[in-house]
Structures are given as C-alpha cells and as structure tokens.
Amino acid sequence: GPCTDCSCSSAKEPDKDPSHTKKKENGDRLCVPKIFFGTRTHKQITQITRELKRTAYSCVPMTILSSRDYTCIHPVVSNSSNRNEMCVELLEGKHGKSCSYYHGVHKLSEHHVLQSAHRVYQAWDIEDLVSLSRKLRACAYFAARELMVGADIVFCPYNYLLDPQIRESMDIKLKDQVVILDEAHNIEDCARESVSYGVTESQLRAAREELDFMVNNNIRQNNHEPLRAVCCSLI
C-alpha cells in the first residue's frame, strides 16, 4: 500500500527521485527506511553533524530532534523554568494569547537552506537552526519535528528512541527503520533513567499523611495500609 510517513508518499514519479523509492515486484512503491541516529547528549549531535558536513552525504535531508530547552526562542517561554507546560498553554490559547513563532513554523521548515526546492540541502546543527529561526521569527522546535517527515536521517538523544512516552509525543515510528545508537554501552543507564523518577522526603511525608487519613477513615484500608508502610520505611 502507499507509504504515509515518509517522503516517498509525495506524488513523485519513481524514476524522478530514485533515492526515496524502489520498485517492488507487483508495481507498488517501497519506502526507503529513515536512519534514526541516537546519541547520549545534545553536544554529541553537534559533533556528528559536523562530521556529516565533511562527507559525500552532507546534502542528505536531515533533522535534529531536541527539547524546547535548546530550541525555544519565545522571549517569555524560553526563560521559564517549565518551558513545556508554558508552550502547551500558549498553543492552546488558554490566556487569550498564542505563539507567533509557532504560526511561522512553515517559513522555517520550507526555507531553502533546509529544504530541497533548490537542491541545496546542507547538514546543519541545532545552533544553525536556532539562528535561522531567530531571523525568520519561526519556531525551531516544531520546524525540526516537521522536517522529520522528509528526512533521511534523524538525529536525537537516546531517550527519544528508548522512552515510549517521548516516542509517542514526538510521533517517532521505528518499525522498519534503521536505528543507530552511538556509544551504546550507555544504553543501560539511559533505559534505567527513563523508567525512574525521584521523590523528596517532604513528598513522602505528605503522602504518608494522606494515607494515614485514608486508613483512619476506613477508606480502602487493604490498599492503603501497605502503601503507608512503604512510605514509612522509605522515610
């Protein structure tokens, strides 16, 4: 059937763009897989894109997925301690305001430096994208996500590939794609981190007080007593 999540779904004739399509026996077109390249840190992505620029593949369509910490240029949101929540609130227009940078995403994702209209793809890193986004007053975070549709290679930190919640929120589909993990000996730690979280002593004390209340008021005692015991032992 037709492929919907990669660039070969556009109405190009197969012979015009052999890089993205192959003929299958029955005449259907076959998707060429994307390469997802996972690294431990954002800094390593910069090093790898610098290396990519030096190869014969520097003109391959690419994108870099990273957090709003690195890509948000909104004057208020980018200085906030919780950029994710604030960004979502702005996009939902909760307080009657919206994000003008978000509405300019297409200016960035369709820009000739990043897009193939003039066949001038050039490998770039996050700093390049953000400086271009400042010039165009467009959101680099969402532009990078849009560019994933047509990208042959997608760079991102490990946890974007390992953490199912991030994969879902970023709309990353790894089925039938190529995944490369740089310095893969770090994967265990990363996997452990993605299913771990920290709690403070005050949070434990607050939880214990709530559980005390539940138990003392005969609210599902069987469930709450063991939980209270866990809180007490941790405290």
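**Entry 1: a loop residue, Glu183**

I started at Glu183, which I found in the loop between strand E6 (178-181) and helix H9 (187-194). A reminder to myself: this is a predicted model, and every value here is computed from it. I looked up the backbone next, and Glu183 has a positive phi of about 50 degrees although it is not a glycine. Most residues other than glycine have a negative phi, which is what made me stop here. Is Glu183 buried, exposed or partly exposed? Its relative accessible area is 33%, and buried would need under 20% while exposed would need over 50%, so Glu183 is partly exposed. I also checked its distance to Arg40: Glu183 and Arg40 are 143 residues apart in sequence, yet their C-alpha atoms are 7.5 Å apart in space.

**Entry 2: another positive phi**

Arg137 went into the notebook too, with a positive phi of about 50 degrees although it is not a glycine. I located Arg137 in the loop between helix H5 (126-136) and H6.

**Entry 3: from H5 to Tyr141**

Staying with H5, I picked out Leu129, which lies in that helix. At a relative accessible area of 2%, Leu129 is buried. I then took the distance from Leu129 to Tyr141: the two are 12 residues apart along the chain, and their C-alpha atoms are separated by 9.2 Å. Tyr141 is buried as well, with a relative accessible area of 8%.

**Entry 4: aromatic rings**

Tyr141 led me to the rings. How many aromatic pairs does the structure hold? I noted 3. In one of them, Phe37 and Phe155 have ring centres 5.6 Å apart and planes at 45 degrees. Stacked would call for planes under 30 degrees apart and edge-to-face for over 60, so this pair is tilted. Phe37 sits in strand E3 (residues 35-39) and Phe155 in strand E5 (residues 153-157), so the pair links distant parts of the chain, 118 residues apart. I checked burial for this pair, and both Phe37 and Phe155 are buried.

Tyr141 and Phe142 form a further pair, and theirs is edge-to-face, at 4.9 Å centre to centre with 85 degrees between the planes. Phe142 counts as buried at 14% relative accessibility. I followed the ring pairs onward and found that they link Tyr102, Tyr141 and Phe142 into a cluster.

**Entry 5: empty space inside**

Rolling a probe the size of a water molecule over the atoms shows where empty space is left. Here I found 3 cavities of 30 Å³ or more. The largest cavity holds about 120 Å³ of space. Which residues lie nearest the centre of the largest cavity? Of the 14 residues that line it, they are Cys72, His74, Cys87, Cys99 and Cys139. Helix H3 (83-92) and helix H6 (140-147) are the elements that give two or more residues to this lining. H3 gives the most to it, with 3 residues. I sorted the lining residues of the largest cavity by type as well, and they divide into 12 nonpolar, 1 polar and 1 charged.

**Entry 6: after H6**

Next I stepped past H6 to Met148, whose place is in the loop between H6 and E5. Met148 counts as buried, at 8% relative accessibility. I looked for its distance to Met62: the C-alpha atoms of Met148 and Met62 are separated by 7.2 Å, with their positions 86 residues apart along the chain.

**Entry 7: helix H1**

I tested the length of H1, which has 12 residues (residues 42-53). At 1.5 Å a residue H1 should span 16 Å, and its end C-alpha atoms are 17 Å apart, which agrees. Then I listed the buried residues of H1: His42, Gln44, Ile45, Ile48, Thr49 and Leu52. Why do they lie on the same side of H1? They cover an arc of only 145 degrees around the axis, which puts them there. In an α-helix there are 3.6 residues a turn, so residues three or four places apart point the same way.

**Entry 8: helix H11**

My last stop was Leu227, found in helix H11 (residues 221-234). Leu227 counts as partly exposed, at 47% relative accessibility. Its C-alpha atom and that of Arg208 are separated by 8.4 Å, and the two residues are 19 residues apart along the chain.

Key: Residues numbered from 1 in each chain as written. Predicted model: local features only at pLDDT ≥ 70, side-chain atom pairs only at ≥ 80, totals over all residues. Heavy atoms only, no water. Phe/Tyr/Trp six-rings, centres within 6.5 Å; stacked < 30°, edge-to-face > 60°. Helix = DSSP H or I, 4+ residues; strand = E, 2+ residues; numbered from the N terminus. Buried < 20%, exposed > 50% of the residue type's maximum accessible area, 1.4 Å probe, protein only. 1 Å grid on protein atoms, 1.4 Å probe; cavity = no way out; pocket = protein on both sides within 12 Å on 5 of 7 lines; lining within 4 Å. Points joined across faces, edges and corners; volume = space filled by probe spheres on them. Nonpolar A, V, L, I, M, F, W, Y, C, P; charged D, E, K, R; others polar. Expected span 1.5 Å × (residues − 1). Arc of directions from axis to C-beta.
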